[in-house]
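Here's a quick look at a helix pairing and a metal site. Have the model open as you read.

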Amino acid sequence: MSDQVVDVYVAANGPQAHFLRGLLADAGIDARVVGDALQAAGYNTVTPPHLWVRADQVEAAREVLTDWEAQSHQPPPEDRAPPTWDCPTCGAEVDADFDLCWQCQTPRKPY
Ligand SMILES: [Zn+2]
C-alpha cells in the first residue's frame, strides 16, 4: 500500500498547518492538510487541522517537524512590553518614559 497516509501532526490552526505543509514540501515531503477544509466551509468544528503524509515519508516528516518544534519553542526573547509604573495616588498606569503621572502629575516614587 504505497498510498497509505499517516497522520503525523496536529496543527494549532489552519495557517500553521499550511505553513508546515510548505516546510515539508521544501524537504521533498508531500503532505496533506486535513481538517481545515471543514472550517473554511463554515462548519463550526473544533477539530484542528491534521497533517498527513505518505507512510514511507513519515520518518522524514517527523524529523522536519521535530526540528521546527525545537526552533519555535525556544524561550521567547525578553518581554518586549514597555515597563510601566502604577501611580500611587490615582492608580493610573504610566509609561516608564514619564516621571510624572499623566493623570494627576504625581512624581514617580523612587524604588
Ligand atoms: Zn496619578
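Helix H1 (residues 14–26) packs against helix H3 (residues 58–72) at about 120°, and their axes are 10 Å apart. Because that angle is neither under 35, over 145 nor within 65 to 115 degrees, the pair counts as oblique. The crossing of H1 and H3 is right-handed. This is a predicted model, where local features need pLDDT of at least 70 and side-chain atom pairs count only at 80 or more, while totals for chains, interfaces and linings use all residues. Numbering runs from 1 along each chain as its sequence is written, and side-chain values use heavy atoms, without hydrogens or water.

Here's who touches whom, with contact meaning heavy atoms within 4.5 Å:

| Helix | Residues in contact |
|---|---|
| H1 (residues 14–26) | Gln16, Phe19, Leu20, Leu23, Leu24 |
| H3 (residues 58–72) | Ala61, Val64, Leu65, Trp68 |

By class, that contact has 8 nonpolar residues, 1 polar and no charged ones.

Now the zinc ion: its protein donors (N, O or S atoms within 2.8 Å of the metal) are the SG atoms of Cys87, Cys90, Cys101 and Cys104, 2.2 to 2.3 Å away. Along the chain, the donors follow the spacing C-x2-C-x10-C-x2-C. The 4 donor atoms subtend angles of 105 to 117°, so the arrangement is tetrahedral (all angles between 85 and 135 degrees).

Notes: Axes are lines fitted to C-alpha atoms, for helices over the stretch in contact, and angles run from 0 to 180 degrees between N-to-C directions. Helices (H or I, at least four residues) and strands (E, at least two) are DSSP runs, numbered from the N terminus. A crossing is left-handed if the near helix is turned anticlockwise from the far one by less than a right angle, and right-handed if clockwise. Ala, Val, Leu, Ile, Met, Phe, Trp, Tyr, Cys and Pro count as nonpolar, Asp, Glu, Lys and Arg as charged, and the others, Gly among them, as polar. Donors are N, O and S atoms within 2.8 Å of the metal (3.2 Å for Na, K and Ca); water is not among the atoms, so sites may look incomplete. Four donors count as tetrahedral if all angles lie between 85 and 135 degrees; four count as square planar and six as octahedral if opposite donors are over 155 degrees apart and all others between 65 and 115; anything else is irregular.
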